[in-house]
Amino acid sequence: MISDIKLGYRCNNDCIHCVIADQRDAALELRGNTDRSTEEYRQELLACRARGATDVVFTGGEPTLRDDLLSLAELARSLGLRISMQSNGRRFSDRALAEAFVGLDISYLIALHSCTADRHDAITRARGSFEETVAGIENLLALGQKLSTKVVLSKKNVTDLVPTVRLFERIGVEHIGVAFPHAQGNAGRDFDRVVPRYTEVLPHVHRAAAHCRRAGLEIRFEAVPLCMMRGFELHVGELEVQDIPTELSQLDFQTYDWNTVRKRLKAKFSQCRTCRYDAVCEGPWREYAERFGSREFVPARGPPVGWSLPGAHAGRRTVRTGRRAARGEKVNRTTCRACGAPLTTQLTCGRCGYLPCCHDQP
Ligand code: SF4
């Protein structure tokens, strides 16, 4: 089980798409600050371990703003928890700080929203953030740390997506996440200037996915329904996380089952009942559907795809191949486990119709 812990709501960015602005304001009103104490987080780590967590994700706000982050990470490791950290990466531009975390086997997810300083800084509303984030990414990679990047799409950066992916490629990032914005917090307050239409972003999304395939990079899209990803279905991120138990702990709310809650925050439509992806698709964020309706969502034809298909979750297989294997990294196989055909563009195997588990993908 993954336990996702918000280490406070303070941040040195103020992104236009930030979803936690409402919770941050509520925390300020309720408790007069946006953080909890070190002891509270120590107890939280002990409690999540006792509930059976194997992995912990440190998020925020910006976790690196906490002076006790290293001690919390050390405690997590001593409890046997694998650690991921979601950060804007700015403070890792300080090489000494990046070095302090080496040895804790942390997987970093660093947010960079554009390939240009002007645009990224306009999105984060923090001048100089682009230079610091890029330096942070470079420091962590130079130190041999596991690192993915994340782009949150908005009206400001849609056309930047492919060049941003190319920037990641140039600096050595091989795992990329792209999220469609959730209109809560800042994105909800400024919906019209932040949230694009799917029809506007899809050409860029598909080009980015195609580029990553050619370049051997891994890319996943969050909150982009399967009917929007024809030919690129296996890059839908939710397919990968739906069956991984994940609890989410906010500052002043109880821990809850994120997979269940996330699905309640999404919308489905009457036409979805005729779509072959209905059983595995979560649909778009509810706020998007409320604003724009259902017309963009055209059901996919064909035999229904569902988790109940035989062998869909037969487990993870890894083989060592290619560039990543040269560094000793494990990578997942890319051929159909049922018939051996290459898995490229379709959600089901083009040769035998097998529904590959997302774990079959590189
Ligand atoms: S179920 Fe609905 S939202 Fe999901 S892919 Fe099909 S038509 Fe699109």
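**Figure 1. Overview of the predicted protein chain.** Buried residues account for 39% of the 362 residues in the protein chain. The model shown here is predicted. Its secondary structure consists of 14 helices and eleven strands. Of the contacts in the protein chain with a separation of 6 or more, 69% are between residues 24 or more positions apart.

**Figure 2. The largest nonpolar core and Val56.** This core contains 74 residues. Val56, Val178, Ala208 and Val224 are the residues with the most contacts inside it. Helix H10, residues 198-215, gives the most to this core, contributing five residues. In soluble globular proteins, nonpolar side chains tend to be buried together. Apart from neighbours within four places in sequence, the contacts of Val56 are Ser3, Ile5, Leu45, Cys48, Ala76, Leu81 and Ile83.

**Figure 3. The buried face of helix H3.** Leu69, Leu72, Ala73 and Ala76 are buried in H3. Viewed down the axis of H3, these buried residues fall within an arc of 100°, so they line one face of the helix. An α-helix has 3.6 residues a turn, so residues three or four places apart point the same way. The buried residues of H3 pack against helix H2 (38-50), strand S2, strand S3 (82-87) and strand S4. Ala76, one of the buried residues of H3, is also among the contacts of Val56. After H3 comes Gly80, which has a positive phi near 85°.

**Figure 4. A cis peptide bond between Gly60 and Gly61.** Omega for the bond from Gly60 to Gly61 is near 15°, and the bond is cis. Gly61 belongs to the loop that runs between strand S2 (55-59) and helix H3 (69-78).

**Figure 5. Two loop residues with positive phi, Asp105 and Ala223.** Neither Asp105 nor Ala223 is a glycine. Asp105 has phi near 55° and sits in the loop between helix H4 (95-100) and strand S4 (106-111). With 12 other C-beta atoms within 10 Å, Asp105 is exposed. Ala223 has phi of about 65° and lies in the loop between strand S7 (218-222) and helix H11 (238-241). Ala223 has 24 other C-beta atoms within 10 Å and is therefore buried.

**Figure 6. The crossing of helices H5 and H6.** The axes of H5 (residues 117-124) and H6 (residues 129-142) come within 8 Å and cross at roughly 105°. The two helices are therefore roughly perpendicular to each other. On the H5 side the contact is made by Ala117, His120, Asp121 and Thr124. On the H6 side Ser129, Phe130 and Glu131 take part. Sorted by type, the residues of the contact of H5 with H6 are two nonpolar, three polar and two charged.

**Figure 7. Gly128 in the loop between H5 and H6.** Gly128 is exposed, having 12 other C-beta atoms within 10 Å. From C-alpha to C-alpha, Gly128 is 9.0 Å from Asp118, and the two are ten residues apart in sequence.

**Figure 8. The surroundings of Gly185 in helix H8.** Helix H8 covers residues 185-189, and Gly185 is part of it. Gly185 is buried, with 20 other C-beta atoms within 10 Å. Setting aside residues up to four places away in sequence, Gly185 touches Cys18, Val19, Ile20, Ala21 and Asp22. Asp25 is 160 residues from Gly185 in sequence, while their C-alpha atoms are 9.6 Å apart in space.

**Figure 9. The surroundings of Trp258 in helix H12.** Trp258 is part of H12, which spans residues 258-264. It counts as partly exposed, with 18 C-beta neighbours inside 10 Å. When neighbours within four places in sequence are left aside, Trp258 is in contact with Asp4, Thr246, Glu247 and Leu248. Trp258 and Ile244 are separated by 14 residues in sequence and by 9.9 Å in space, C-alpha to C-alpha.

Definitions and conventions. Residues numbered from 1 in each chain as written. Predicted model: local features only at pLDDT ≥ 70, side-chain atom pairs only at ≥ 80, totals over all residues. Helix = DSSP H or I, 4+ residues; strand = E, 2+ residues; numbered from the N terminus. Contact = placed C-beta atoms within 7 Å. Core = buried A, V, L, I, M, F, W, Y, C linked by C-beta atoms within 7 Å. Arc of directions from axis to C-beta. Axes fitted to C-alpha atoms, helices over the stretch in contact; angles between N-to-C directions. Parallel < 35°, antiparallel > 145°, perpendicular 65-115°, else oblique. Nonpolar A, V, L, I, M, F, W, Y, C, P; charged D, E, K, R; others polar.
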